[in-house]
Amino acid sequence: MVRKVRTRETRQRRLVLETLRATKTHPTAEWIFEHVRERMPSISLGTVYRNLNVLRDEGLVRELRVNGRTAHWDADLSPHAHFVCATCGVIRDVEGVPPLDWRGLKDLVGCEVHHQRIDFHGECPSCLRQQEPSN
Ligand SMILES: [Zn+2]
Ligand SMILES: [Zn+2]
């Protein structure tokens, strides 16, 4: 019985991870839940939340709290920055931003840095287009 439960949990976790890996949109747990449910109708939103937290603790996904409220999720672990649109809330990957060399920070402030995050905030191209005055 314990074995059966464990197998189901493993399947749920793998499905949550696969769903997140298949998108570049940095979705919320609710979005992931809607998509996982198509393949596993018995799964609950709470289970998705729990699995995301486990995956984050295992270092397999990143949790992004870009606006301080809603958690968004990213399975792309490569170092990359994010752009957050202040109008529509879209989160895009920004590649090619040279990472700040923070190894010297320890000498500077005495803190041990584990990782860094770079978020840019502004207007995305489609929101910019909508603001253009129409002729
Ligand atoms: Zn936008
Ligand atoms: Zn990302």
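**Entry 1: the sheet**

I began with strand β3 (residues 81-85) and found that 4 bridges join it to strand β5 (residues 119-122), the two running parallel. I note at the outset that this is a predicted model, so everything I write here is computed from predicted coordinates. I then looked at the other neighbour of β3 and found strand β4 (residues 91-94), which is joined to β3 by 4 bridges and runs antiparallel to it. Put together, these strands give an open sheet of 3 strands in the order β4-β3-β5, with mixed pairing. Because β4 and β5 each have a single partner strand, they stand at the edges, and one side of each is left without a neighbour in the sheet. I also looked up the twist, and neighbouring strands of this sheet are turned by 25° against each other on average, direction ignored.

As a reminder to myself, strands of a sheet pair through backbone hydrogen bonds, either parallel or antiparallel.

**Entry 2: V84 and the hairpin**

Which residues pair with V84 on its two sides? In β4 the bridge partner of V84 is I91, and in β5 V84 stands opposite H121. For F83 I looked up the β4 side, where R92 is the bridge partner. The hairpin of β3 and β4 has 5 residues between the strands, and within this hairpin G89 takes a positive phi near 85°.

**Entry 3: helix α2**

I turned next to helix α2 (residues 29-39) and asked which of its residues are buried. They are A29, I32, F33 and V36. These residues cover an arc of only 100° around the axis, which puts them on the same side of α2. An α-helix has 3.6 residues a turn, so residues three or four places apart point the same way. On the face of α2 turned away from its buried side I found the exposed residues E30 and E38.

**Entry 4: the nonpolar core**

The largest nonpolar core has 11 residues in all, namely V16, L20, A29, I32, F33, V36, V48, L52, L55, V61 and W73. The elements that give two or more residues to this core are α1 (2-21), α2 and α3 (45-57). The largest share, 4 residues, comes from α2. In soluble globular proteins, nonpolar side chains tend to be buried together.

I followed W73 further, leaving aside its neighbours within four places in sequence, and found W73 in contact with L20, H26, P27, I32, L52, V61 and E63.

**Entry 5: H26 and R117, two loop residues**

Is H26, which W73 contacts, buried or exposed? H26 lies in the loop between α1 and α2, and H26 counts as buried because 22 other C-beta atoms lie within 10 Å, where 20 or more are needed. I also noted that H26 has a positive phi of about 50° although it is not a glycine.

For comparison I looked up R117, which is found in the loop between α4 (105-109) and β5. R117 counts as exposed because it has 11 C-beta neighbours inside 10 Å, and the cut-off for exposed is 12 or fewer. R117 and D76 are 41 residues apart in sequence, and their C-alpha atoms are 13 Å apart in space.

**Entry 6: the whole chain**

Last, I stepped back to the overall fold, where the protein has 5 helices and 5 strands, following the pattern α-α-α-β-β-β-β-α-β-α along the sequence. The radius of gyration is 18 Å, whereas a compact globule of 135 residues would have one near 14 Å. Along its principal axes the C-alpha trace spans about 60 × 55 × 25 Å. Of the 135 residues, 13% count as buried. Among the contacts with a separation of 6 or more, 48% come from residues 24 or more positions apart.

How values were computed: Residues are numbered from 1 along each chain as its sequence is written. Chains are lettered from A and ligands numbered from 1 in the order in which they are written. This is a predicted model: local features need pLDDT of at least 70, side-chain atom pairs count only at pLDDT 80 or more; totals for chains, interfaces and linings use all residues. The arc is that of the directions from the helix axis to the C-beta atoms. The radius of gyration is taken over C-alpha atoms; the globule rule is 2.2 Å times the number of residues to the power 0.38. Two residues are in contact if their C-beta atoms, placed from the backbone, lie within 7 Å. Two strands pair if DSSP finds at least two bridges between them. Axes are lines fitted to C-alpha atoms, for helices over the stretch in contact, and angles run from 0 to 180 degrees between N-to-C directions. A nonpolar core is a set of buried Ala, Val, Leu, Ile, Met, Phe, Trp, Tyr and Cys residues joined through C-beta atoms within 7 Å.
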